[in-house]
Amino acid sequence: SDSLPSDGAAWPPASPPPVHNPDFVNVARDLRQQERIETREFRLAQAAIDYVAAYIAQLVRGATPERPAVLAFPTGDTPKGIFTELIRLHEEGLSFKHVVFYSMGEFYPIARSATQSTWHYMHSYLFQHIDVTPENLRILDGSTIEADLPGYLAAFEQRVRDQPIDLFVVGVDGALQIGYGNAGSNINSQTQRLRLSRQMRTAHQRAFLGLDAVPRYALSLGNSAIMKAKKVMFLAFAESKAKVIKRLVEGKIDKSVTATYFQNHPDCEVVIDTAASNALTRNTCPWTVLLPSSNFQIAWTERMMKKAVIWLSLTLGKGILKLTEEDYLGNHLESLLDARGSVFEINKDVFSSLQATITGWPGGKPPPHLLSLSDNERSSQLKLEGTLQESTRVPTNYIGDSASLLKSASRPSFQPKTNLSTSMQLASEEIYPKRILFFSPHPDDDVISAGCTFIRLCEQGHEVHVAYQTSGSIAVWDDDSMRYMDFAKRFAEKFDLGHETRNKVDSIEGKLLSSLSKKKIGESDSPEVRDIKALIRESEARSAALFCGVKRDNIHFLYLPFYESGQVKKKPLGDQDVDIVRKLIEEVRPHQIYAAGDLSDPHGTHRVCLMAVFAALHLVKNQEWYRQCTLWLYRGAWEEWEPHDIQMAVPMSPDELMQKRYAIYKHQSQKDPARFPGSDPREFWQRTEARNRETASIYRRLGLTDYEAMEAFVSYDIDKPNDVPL
């Protein structure tokens, strides 16, 4: 409604299920029996954002000077999409003059002008773009003198009590704490200054360009004020939030986990995308919550059947081929047997489909005529000589033993079940060697997530290109830039590069030292420092790519403009970014493209880089060569694919896993430790090895071959985005 409700009507108004939204997942009540909070799931994060923004707009339209709408928002990445949509609605005429704004908290001490402050954040992303009333901005002031804090905080608390919040939007963090609160925060706490835990400070270190720069205190709105809000919406997007969403929605109230208390709030809902819902029972094993009297019928698609059988096998600790009818009947899977036939056929089909994903030939097997050649003849025909000469390690001769390979040539070549049409898939399989294009969002994602596959493709004779989409310069420590600058100076002196060159080097060194000495904590780098840091990441990436076997001319650095802002805050993806990606794709005309589908990257760069690839592919998809192109998505740095979604699994021996580790080691600036490790304290090589080993362990527990580790991939059709759970 565009006007206030009549006297006595509920305010704020209810938020009805968006059943007419095509991206709303209307989950049957029978599947939500374990959920303790109303949870609304959307296939895409943007659809969830639009839903929340539409409800906020409803509140804003009903506001008047006598009864303003009172809203509270978190900071961070979660609400940015909502702010963008509210700004768009404002440009269409929505006024915010009668809206009171609260924030969840503020660092202390911090100046309001600091780029990391909540005051600066809210103005940058929202306030300066809409018609706010200045006296209605109630953002805690981190510059308040310490002696004045008790009175200031008490007065702030009283204002919240006098004018309760209509809608409190809460972002979900990994520990399910509210705002800046620590584990075990009192649910009845009032507005206060509190000491931040190391975990909380680590979560914010990226904004301050380092942990040491993060303030140790914060001013935080009390939990009691949030609990008294008339409506609370928890927001969470991406697979990295799935486990905490399960705990919030399905877990019991836990005094050490503040957010779980909101299960008792009279009007609280959780708004998530499908990726964040992955751990809820409705998705993991919906058959376990269906009562015999339920009329709901599970649609036993190939994917759902595969998910159920894998779940059953792992739950019981039995290989797939050992599962019995009693196992199915005793674990709520009677309807699967009714729909799909005998246990034997179900077990065989799922086992065979998993077995078919395993391949040591990600680019396909070589044709028989190549196998009959000598090693030298084969290397010459596949143009491997230059690759082997430039590689900085002893390569594996995957196509080496002609006799043994000839014996295996009659076996079916690797034909994974992809999301592509049969004609496109078969056309691609007939080509050998292939042109391969690897997209790496940061300079190390290629080797972290798919290093073994990267090496195999090079050594199996394919023309492999790698494109580093961003510089990653922001993730280099300041002392690394000084170390490399010192090397450049000494190199110029050692080899007597001439007076003019040495003077230039001295000048650059002077600018570097001057810039770093004047740099304030959390401040962005000067252009000279950014360039040096970008060169460090570039040299590391080049070294790793050469180690893997990529030819020098096939290493591409794209420096997409959206990233090169010099700040943590990036620009939105633009036409220029997409055009750079498109031009490279058209130049290479690849038969296979590999891109990062690891969208749980907490910094958001992976998502933007993948959107650039998708947008570029939409521009070229009608070109004839694209009919022979397969797009593979990899993960590994932050998350891994679910086993029922994997369509290609490349196994690794212990030696191959070590080769992958050595490739990651080339990125020295990201070790001991990485500047922005996220919430996981392990180094990237440790994380990816653990995930690769776990994938292999899952395959082993399902009854398949026992490998040291595995890299997993999913094929993606840009015209059928719902086929892959991103």
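This report describes salt bridges in the structure, with attention to three pairs and one network.

The model is predicted, and 45 salt bridges are found in it. Side chains of opposite charge can pair when their charged atoms come close.

One of these pairs joins R40 to E269, with 3.6 Å between the closest N and O atoms. Because R40 belongs to strand β2 (residues 38-42) and E269 to strand β11 (residues 268-273), this contact ties together parts of the chain that are 229 residues apart in sequence. R40 is buried, its relative accessible area being 7%, and E269 is likewise buried at 3%. The pair also belongs to a wider arrangement, since E38, R40, K231, D267 and E269 are linked in a network of salt bridges.

A second pair is formed by the side chains of R582 and E586, at 2.5 Å from N to O. Both residues lie in helix α23 (residues 575-588), where they are four residues apart, or about one turn of the helix. R582 has a relative accessible area of 18% and is therefore buried, the limit being under 20%, whereas E586, at 26%, counts as partly exposed.

In a third pair, the side chains of R701 and E694 meet at 2.7 Å, N to O. R701 is partly exposed at 33% relative accessible area, and E694 is also partly exposed, at 38%.

The N to O distances of the three pairs are set out below.

| Salt bridge | N to O distance |
|---|---|
| R40 and E269 | 3.6 Å |
| R582 and E586 | 2.5 Å |
| R701 and E694 | 2.7 Å |

Technical notes
Residues are numbered from 1 along each chain as its sequence is written. This is a predicted model: local features need pLDDT of at least 70, side-chain atom pairs count only at pLDDT 80 or more; totals for chains, interfaces and linings use all residues. Side-chain values use heavy atoms; hydrogens and water are left out. A salt bridge is a side-chain nitrogen of Lys or Arg within 4 Å of a carboxyl oxygen of Asp or Glu. Helices (H or I, at least four residues) and strands (E, at least two) are DSSP runs, numbered from the N terminus. Buried means under 20% relative accessible area, exposed over 50%, partly exposed in between (1.4 Å probe, protein chains only).
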